[in-house]
Amino acid sequence: MKVCYVTEWCHIIFVFLNHIKKIIYILFFLSFCVAKNVFAQQHGSRILFLLDASGSMNQKMGSKTRFEMARELLYNLADSLEKKKSNVEIGVRVFGHQYQNSAHNCEDSKFEIPFAKGNSVKLLKRLKQLQPKGYTPIAYSIFKAAEQDFPLVQSNTNEMLNAIVLITDGEESCDGNPCAAALLLEKKRISLKPFIIGLGLQDSFIKKFNCVGTYFDAKTEDGFKWILKSVVSQIMGNTTLQINLLDKKGDPTETNVELTINDSYSHQLKYAYVHSLNDKGISDTIKIDPIGKYDLVIHTLPAVIKKNISLNPGKHNIIAADIPQGNLQFGWIGNPTPMALSQPPVAIIRQANLPEIINVQDINSTNRYLVGEYDIEVLTIPETEFRGFEIKPNELKNLMIQAAGTASILFGEEGSASLYTTQLSRWKKIYDWGNVSSSTYEINIQPGEYDVVFIPKEKRQSEYTQTRHFKILTGGVTRISFKQ
Amino acid sequence: MKLLHRYIFLVLFFSCLYSSGIQAQTSFINPKEFTRVLFLLDGSQSMQNSWDRSSRIAEAKRILSSIADSISLLQNAEMGLRIYGHQSDQSLVNCHDTRLEAPFTKNNTKIIKKKLETLTPMGITPIALSLQKCANDFPKGECRNVIILITDGTESCGGDPCAIAKDLQSKGIILKPFIIGLGIENSISSDLECIGKYKNVTDSKSFEAELKSILNTVLTRTTVEIDLLDTALKPTETSINMTFYDVQMMNVRYDYYHTINVRGNPDTLLLDPIVKYNLDVHTIPSIEKNDISLVSNFHNTIAMNAAQGALRLTSPNKSGLKCLIKKINFENTLWVQNFNTSEKYLCGNYDLNILTLPRIEMKNIEISQSKTTTIQIPAAGNLSVEKNGEIYGGIFYLKDNSWIKLYEFKFKIYLENIALQPGNYRIIYRNKINKKMKETKIKDVVIKSNQMVAITL
């Protein structure tokens, strides 16, 4: 059973440490490359850390260097993941550690520690041997990681979760384009969901990662913890979401409505569900990736949108939305003529005083709408308008229109013809045949009194205009003839 | 007699107008064009006063007699005569002294003339009561009923002729009355002015002239040309229906399709010059001109900007697809146009909302002079949805980065056929028996024109 439609997706977490005026900037850039079932039980996961070991990582950040901080964070992450998940394999690619700055080496990037289970201690040991010194080829490293380090992701063997976590303190120093690297991942049917975490990062830096990243604040130790927790939760899939759809009384009884959940940043659809209540009548819970912000669209009429939803990682999150609904039944009073039955009118539904059409409802149907007032235009001839039509909670409101009759008009010769109703003592055109032939024309009209005006073709004098006044009754056929 | 000649001329002029326009429709006489003229003549004592070497009554007799002759020649007019103050001496103060002496019939000229001959003014002036009685003097039926009041004094029985005249007009019994005052003093003229169109005359020559002018107005129809201007301000727009309303009566007086005559000019219409008109020209949107007064015996030209272009909506499908059309910056639907038709609109910009699935919105579509703007939409495809069980869900499409629901499945219908525009759609659904949200299923479908895609949920 598929949980979520997303076939393959991928996040990159990019951990970025910087220390300017004692503020810590962190950039998470995590890539989960998952085929199909994101939250189904994964049989194995591979997490690749990309670690910045460029010269600037030697700078002190409190009592420790940035590199030491990064190493610690990496170890903690690896350790937490291993403890929570037995079958996770961790690997590390390091860049900027083999050549001095003076060497200007933009390909200084190496897959140092291959994927293995229970790797965290070994990993820490190895990292302690490394000395930061060189450049910062970020894009090159993402590129290499995507291309070489992971085994080919096959869309059908979808149980594997693959992730890239990038920890860095600085800007790409090799003119590499992280966006282009992201594009490569996309081409391999992997979509990116990166996060930039920091505060007061230089605009130019943020912009550079715009194509791949979302910006987060993390200026305190709590920020670190949040990131840690989020990454682990995301990999473990233990963040849950319950969406309570509230009725007029504030009780979560509304259900069976479609929900789409988009990434607020990229606008990509991440989840799509039809809401349900479980056997106990409680809104069903879904598992959700806690990283990032979401826009939730509840597809009622009109849709209800909740923007920029943040989740508490590793926790059960509850979102409530007021969507009290009522039913609108659109029907006929009386029986229309067979011809009117074959051309049924539709009702154009708008929220009161708003221009957007939210639905076009067929006759003899019932639809749910949010409680409120609507302006309704029924495309009969002439139009039937309802202003401020009220939908009440859990009530069935009837929108009834008189069933139409049919006018059968014989013009008798070619000419021009049009149809009028009287409104406030003036004629209002409600139909225009333009040019007519000598045959009989049938038109469905609402009950009432009308005037049809006809002038034979090629009469160059207005005196030849003829008018017929007639009456239409529900279900009745009125015959009109202009034949002399 | 000079005067008679003039009336004969008038009659000829009138019949000319008729024969030119209505040849083909032999029986065409609009009942609204049949006119009944009721003369309400003062027979009070003071009418004996001398006037221009004659007397007021003598001049009135002479002129009315000749008018009776002229009107008898007309096919579309009749004359009646009511006199007041002529039966009881003024010393009796008879406020009921009013009588219809010559009812409306076809050949009443002799009766009228005979009555005029024997008339001797003697009484007082019950104008209000006489007007009231006039209402029943006109035979029933749709007709133009005109009262011409000839008097040398004002109401002398305490009635309110103005209120009565107003009442009769509002009930549609009479048109606005004409009043000719014979030597009325200025100080009391306001008592007569409020009854209708009032004119005071001081000698018999101007009396004659005024009566002639009134009859001219009443019995001829004035010519009117409506110029519907294009963007170059040339009167080339035509084939539009026009409705003329009587402002006072608030009803439709004439309805004519605009035509261009054989000379290539907007056709001349013959309208009643007495009434004021409101005019609707039924373009889309309609244009109107209100409170139009016509000048009698004059070719009136009314120009209106009616520059139009056409909008053609085409779809390879034959279904009754509709498009809502709205003027830009306006909220209300202006017109609903069916597909595979072409309609004219006033030049300008319009917003279109085509009721396909999904709806196609087109903003700021320009309609320009004499051009046809064509909107063509691709043929729809069909999605056939077969449902195994009761399904919650619907069809979605991506618009401006968000997924929009465009169709909700009908809950207890197990086979639905939905016409969709070509494109990519996503179906999000859950079977009612599946209580878990994660059991929601997604199906992507691609719809192509004229092709059917069948899916089973």
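This is a conversation about how to read a predicted model with chains A and B.

Biologist: Let me begin with confidence. What is the mean pLDDT of chain A, and where is confidence lowest and highest?

Modeller: A general caution comes before the numbers: where pLDDT is low, the predicted coordinates should not be read in detail. In chain A the mean is 79, with 76% of the residues at 70 or more. Strand S5(A), residues 33-35, has the lowest confidence, a mean of 32, while strand S25(A), residues 372-378, has the highest, at 97. Residues 153-159 of chain A have pLDDT below 50, and this stretch makes 14 contacts in the model beyond near neighbours in sequence. Residues 213-219 of chain A are also below 50, with 29 such contacts.

Biologist: Thanks! Now the two chains: how many residues of chain B are in contact with chain A?

Modeller: People often give the size of an interface as the accessible area lost when the parts come together. Here we can count residues: 47 of chain B are in contact with 43 of chain A. On the chain B side, the elements that each supply at least two residues include helix H1 (2-22), strand S10 (241-246) and strand S24 (391-399). Strand S11(B) gives the largest share, four residues. By class, that side of chain B has 17 nonpolar, 17 polar and 13 charged residues.

Biologist: Next, a helix. Which residues of H4(B) are buried?

Modeller: For a helix, look at which residues are buried and then at where they point. In H4(B), residues 127-137, the buried ones are Ile127, Ala128, Ser130, Leu131, Cys134 and Asp137 of chain B. They lie on the same side of H4(B) because they cover an arc of only 160° around the axis. Among the elements covering them are strand S1 (35-42), strand S6 (144-151) and helix H5 (161-170) of chain B.

Biologist: And a strand: how many of the five residues of S29(B) are buried?

Modeller: Zero; S29(B), residues 452-456, is hardly covered. It does have a partner, though: five bridges join S29(B) to strand S23(B), residues 381-386, and the two run parallel. In one of these pairings, B:Leu383 has B:Val453 as its bridge partner.

Biologist: One last residue. Why does B:Leu334 count as partly exposed?

Modeller: B:Leu334 is classed that way because it has 17 C-beta neighbours inside 10 Å, and 20 or more would be needed for a buried residue. B:Leu334 sits in the loop between strands S17 (322-327) and S18 (335-338) of chain B. Leaving out residues up to four places away in sequence, B:Leu334 touches B:Ile284, B:Pro285, B:Ile325, B:Lys326 and B:Lys327. B:Pro285 is 49 residues away along the chain, yet the two C-alpha atoms are separated by 6.8 Å.

Notes. Residues numbered from 1 in each chain as written. Chains lettered and ligands numbered in written order. Predicted model: local features only at pLDDT ≥ 70, side-chain atom pairs only at ≥ 80, totals over all residues. pLDDT = per-residue confidence, 0-100. Contact = placed C-beta atoms within 7 Å. Buried ≥ 20, exposed ≤ 12 C-beta atoms within 10 Å, placed from the backbone. Pairing = 2+ DSSP bridges. Nonpolar A, V, L, I, M, F, W, Y, C, P; charged D, E, K, R; others polar. Arc of directions from axis to C-beta.
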